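Here is a note for a colleague who is meeting this structure for the first time. Please read it with the sequence and the model side by side.

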Amino acid sequence: MTVTKMSWRPQYRSSKFRNVYGKVANREHCFDGIPITKNVHDNHFCAVNAKFLAIVTESAGGGSFLVIPLEQTGRIEPNYPKVCGHQGNVLDIKWNPFIENIIASCSEDTSVRIWEIPEGGLKRNMTEAVLELYGHSRRVGLVEWHPTTNNILFSAGYDYKVLIWNLDIGEPVKMIDCHTDVILCMSFNSNGSLLSTTCKDKKLRVIEPRSGKVLQEASCKNHRVNRVVFLGNLKRLLTTGVSRWNTRQIALWDQEDLSMPLIEEEIDGLSGLLFPFYDADTHMLYLAGKGDGNIRYYEINTEKPYLNYLMEFRSPAPQKGLGVMPKHGLDVSACEVFRFYKLITLKGLIEPVSMIVPRRSETYQEDIYPMTPGIEPALAPDEWLSGMNRDPILMSLKEGYKQTSKVVFKAPIREKKSVVVNGIDLLENVPPRTENELLRMFFRQQDKIRRLKDELSQKDIRIRQLQLELKNLRNSPKNN
């Protein structure tokens with residue numbers, strides 16, 4: 001009996017995060033009255049940093065999103081100013097990690113746009129982006145900033161291409177063209193030298209982004225991958241997906257050998273997509289299901305069993321997506337190690353959820369706040385593009401979280417022209433349409449035909465009415 005206890009107890013005892021709990025903000029510290037988008041695209045529709053919260057909203061005749069200063073909690077007025085320059089639905093938004101008032105958005109209108117939010121937030125609708133980037137021939141579903149290099153942005157479109165933009169010149173400088181279907185997710189390792197993607201073609205890839213070379217590839221037939229996240233410097237990848245029995249599943253992979261996952265673990269039989277979030281400082285993994293109210297969390301180890309389940313935060317309100325606060329925006333005095341911003345569509349509510357390590361002492365807890373990637377870039381765009389890699393510049397949360405970045409954004413002046421990368425004009429070289437796009441086109445045409453038929457039949461009825469009236473007029477006694 002004693003031996004059995006010894007075999008399992010130490011792994012829990014050694015964890016300082018065993019009792020981490022989720023704490024929901026009071027109603028007055030939530031953001032209320034927000035018309036959250038009803039778009040079914042599998043993204044978070046939310047981005048947050050130490051200054052602002054941005055949420056994609058429901059809008060007619062184009063795409064828009066709100067940008068709210070974090071201190072402006074409570075009910076948001078219906079006429080609150082929006083960022084509304086896109087001609088199609090906004091599908092993804094991401095804050096620049098080094099310049100806190102610069103945000104990138106991408107849309108069904110095939111463009112990526114860079115916006116500069118004024119200090120204190122918007123006073124009127126913003127329609128003019130500081131930079132409009134055209135290079136994709138289909139809608140753009142994902143944008144990601146490079147984690148260590150200033151002004152390098154990645155975008156993934158429904159043309160199956162990933163474009164790497166150098167915002168110093170406002171042009172795409174590289175193209176990754178190894179996917180055969182829609183790209184579902186992109187994730188970087190900690191210094192940005194590797195990119196991992198999941199794709200509708202059921203393949204998980206590890207790519208060297210500057211050359212576009214696929215270093216590792218897994219065909220996930222049993223575990224259909226949806227989302228992927230690099231686990232910091234552990235040389236591991238974690239994917240969420242669906243098993244062959246349609247149960248939700250996670251898998252852990254060695255980034256240098258994707259022939260077989262290290263472990264696969266079934267989570268439950270629900271249908272919503274599982275979003276993974278990894279905190280490299282605490283080695284904690286959070287799993288949040290789209291349409292669920294709960295968030296499970298685990299501790300990642302380098303040795304078996306690799307994944308230790310800690311606990312679960314439960315809530316009756318289902319989440320559409322989740323924004324995550326960067327480390328330097330957390331409240332270290334409350335021992336907060338992670339913060340989600342949970343989108344509750346039915347209530348039009350954004351609810352902050354803090355993950356807290358229970359500690360009695362009010363002094364700074366060095367062991368749960370190691371040096372963490374800060375707000376200064378390690379490389380300039382030209383350095384990274386020439387082949388340099390550099391780890392992120394670290395900061396201490398004891399003092400550093402009050403620092404402001406010295407980096408400023410200067411938009412290049414350029415003319416619209418053809419976009420040539422790797423010798424290919426991206427706007428001319430359009431891939432074949434996907435089955436879903438063809439079906440949408442077919443149904444749109446059917447609707448158009450139906451409307452035209454209805455209009456014709458209405459006109460026929462009106463013509464017959466007029467003919468009858470004319471006949472009655474001719475036969476009336478006055479005319480006789």
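The points below go through some strands, their pairing and a few loop residues.

1. As a caution before anything else, please keep in mind that this is a predicted model, and that the points which follow describe features of that model.

2. A good place to begin is strand S22, which covers residues 248-254 and is mostly covered, since 6 of its 7 residues are buried. Strand S21, made of residues 236-242, pairs with S22 in the antiparallel sense over 7 bridges, and within this pairing leucine 238 has leucine 252 of S22 as its bridge partner.

3. The hairpin formed by S21 and S22 has 5 residues between the strands, and in this hairpin asparagine 246 takes a positive phi near 60 degrees.

4. S22 is also joined to strand S23, residues 263-268, by 5 bridges, and these two strands run antiparallel. Here isoleucine 250 stands opposite glutamate 265 in S23. As background for reading such pairs, strands of a sheet pair through backbone hydrogen bonds, either parallel or antiparallel.

5. Elsewhere in the chain there is an open sheet of 4 strands, in the order S8-S9-S10-S11, with antiparallel pairing. Its edge strands are S8 (90-95) and S11 (131-134), each of which pairs on one side only, and from one strand to the next the twist averages 20 degrees. Strand S10, residues 111-116, pairs with S11 in the antiparallel sense over 4 bridges, and valine 112 has leucine 133 in S11 as its bridge partner.

6. Two further residues deserve a look for their backbone angles. Asparagine 151, although not a glycine, has a positive phi of about 60 degrees, and it lies in the loop between strand S12 (140-145) and strand S13 (152-157). Histidine 283, likewise a residue other than glycine, has a positive phi near 60 degrees and is placed in the loop between strand S24 (274-279) and strand S25 (284-289).

7. Are asparagine 151 and histidine 283 buried or exposed? Asparagine 151 has a relative accessible area of 3% and is therefore buried, the cut-off for that term being under 20%. Histidine 283, by contrast, has 33% relative accessibility and so counts as partly exposed.

8. Finally, please check the peptide bond from lysine 304 to proline 305, which is cis, with omega near 10 degrees. Proline 305 is found in the loop between strand S26 (295-300) and strand S27 (307-313).

Technical notes: Residues are numbered from 1 along each chain as its sequence is written. This is a predicted model: local features need pLDDT of at least 70, side-chain atom pairs count only at pLDDT 80 or more; totals for chains, interfaces and linings use all residues. Side-chain values use heavy atoms; hydrogens and water are left out. Buried means under 20% relative accessible area, exposed over 50%, partly exposed in between (1.4 Å probe, protein chains only). Two strands pair if DSSP finds at least two bridges between them. Axes are lines fitted to C-alpha atoms, for helices over the stretch in contact, and angles run from 0 to 180 degrees between N-to-C directions.
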